[in-house]
Amino acid sequence: MTLRIFSSSKPDFTVNEKRMYNRLLNSLHSHLDDSEDTYYLVVDHIIGNNQIDLLIIKKNAVISIDMKAYSGSITGNENGDWACDNDGVVVEIKRTKNPFKQCKDHRFAVMRLLSQKLTAIEPRFNEQAVDHISSGVCFLAGMSFDENQI
C-alpha cells in the first residue's frame, strides 16, 4: 500500500485527536499493507467554512472523518443538541457541533469542491459523479451511546 499524506499546515488536533489520528494511521498500515492501491489522506483541511479532520481518498471512495475527543455516555439525535456524560460531568454539544450535522456539512463541502474542480479538469464529470462520498464520526475509545436513541 502506498499512503500519501497531505496537510496544508500543522494539524490543529487536541491531544486525544492526535492519539486517534495515530491509531488510524497504524490501522491503515496494518490492514492495507498487502494492497497495491494508493490511498491519500488529507489531514485537518479547511473547505469553505468546514474544518475536515481527515479525508481518505482511494480509487473508488472518498471518506470524510470527523474526530471527537469526547468520552463517556453520549446522548442526542440527528437534529438536536447532544450531551456527553462522563462520570456525572455533563458537556453539552450544541447544534452547531452536532456530529450528524457536521458530517452532513462536511460531505456536501467535499462534494461541492470535487464537483467544481473535476468539471474544470474534465467536462465529462458532473455532480452525480461525486455524490457518493461517505462521512462519519470517530469518537474516542471509552464512549458509549444508546443505539435506539441516536
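In the predicted model, the 17 positive and 20 negative charges of the chain have mean positions that lie 5 Å apart. The accessible surface of the chain amounts to about 9,600 Å², and carbon and sulfur atoms account for 48% of that area. Of the 150 residues in the chain, 33% are buried. The C-alpha atoms occupy a box of roughly 55 × 35 × 30 Å along the principal axes.

The chain contains 2 helices and 9 strands. Read from the N terminus, the order of the elements is β-α-β-β-β-β-β-β-α-β-β. When contacts are restricted to residues at least 6 apart in sequence, 54% of them join residues at least 24 apart.

A search of the whole structure returned 4 aromatic pairs. In one of them, the ring centres of Phe6 and Tyr40 are 6.2 Å apart and the ring planes meet at 25°, so this pair is classed as stacked; the angle falls under the limit of 30 degrees for that class. Phe6 belongs to strand β1 (residues 2–7) and Tyr40 to strand β2 (residues 38–47), and the pair therefore ties together parts of the chain that are 34 residues apart in sequence. Both residues fall in the intermediate accessibility class: Phe6 is partly exposed at 42% relative accessibility, and Tyr40 is partly exposed at 30%.

Trp82 and Phe100 form an edge-to-face pair, with a centre-to-centre distance of 5.8 Å and an angle of 65° between the planes. Because Trp82 is located in strand β6 (residues 82–86) and Phe100 in helix α2 (residues 99–121), this pair ties together parts that are 18 residues apart in sequence. Trp82 has a relative accessibility of 5% and counts as buried, whereas Phe100, at 37%, counts as partly exposed. Trp82 and Phe100 also belong to one aromatic cluster together with Phe139. A further ring is involved in a contact with a charged side chain: Arg107 is placed over the face of Phe108, 5.3 Å from the ring centre.

Positive phi values in residues other than glycine were found at Asp44 and Asp87. For Asp44, phi is near 50°. Asp44 is part of strand β2 and is buried, its relative accessible area being 6%. For Asp87, phi is about 55°. Asp87 is situated in the loop between β6 and β7 (89–93), and with a relative accessibility of 77% it counts as exposed. The two aspartates thus differ in setting, since values under 20% are classed as buried and values over 50% as exposed.

Asp44 also appears among the contacts of another aspartate, Asp53. Asp53 is located in strand β3 (residues 50–58) and is buried, with 5% relative accessible area. Apart from neighbours within four places in sequence, the residues in contact with Asp53 are Phe13, Glu17, Val42, Val43, Asp44, Ile65, Asp66 and Met67. Between Asp53 and Tyr21, which are 32 residues apart in sequence, the C-alpha to C-alpha distance is 9.1 Å.

A separation of 32 residues also holds for Ser115 and Glu147, whose C-alpha atoms are 34 Å apart. Ser115 is in helix α2, the element that also contains Phe100. With a relative accessibility of 13%, Ser115 counts as buried.

Asp33 is positioned in the loop between α1 (15–32) and β2. Its relative accessible area is 48%, and Asp33 is accordingly classed as partly exposed. Once residues up to four places away in sequence are set aside, Asp33 touches Met1 and Leu28. The C-alpha atoms of Asp33 and Phe139 are 25 Å apart in space, and the two residues are 106 apart in sequence. Phe139 is the residue that joins Trp82 and Phe100 in the aromatic cluster described above.

Notes. Residues numbered from 1 in each chain as written. Predicted model: local features only at pLDDT ≥ 70, side-chain atom pairs only at ≥ 80, totals over all residues. Heavy atoms only, no water. Helix = DSSP H or I, 4+ residues; strand = E, 2+ residues; numbered from the N terminus. Buried < 20%, exposed > 50% of the residue type's maximum accessible area, 1.4 Å probe, protein only. Contact = heavy atoms within 4.5 Å. Areas by Shrake-Rupley, 256 points an atom, 1.4 Å probe, with all protein chains shown as cover. Lys, Arg positive; Asp, Glu negative; His and termini not counted. Charge placed at Lys NZ, Arg CZ, Asp CG, Glu CD. Phe/Tyr/Trp six-rings, centres within 6.5 Å; stacked < 30°, edge-to-face > 60°. Lys NZ or Arg CZ within 6 Å of the ring centre and 35° of its normal.
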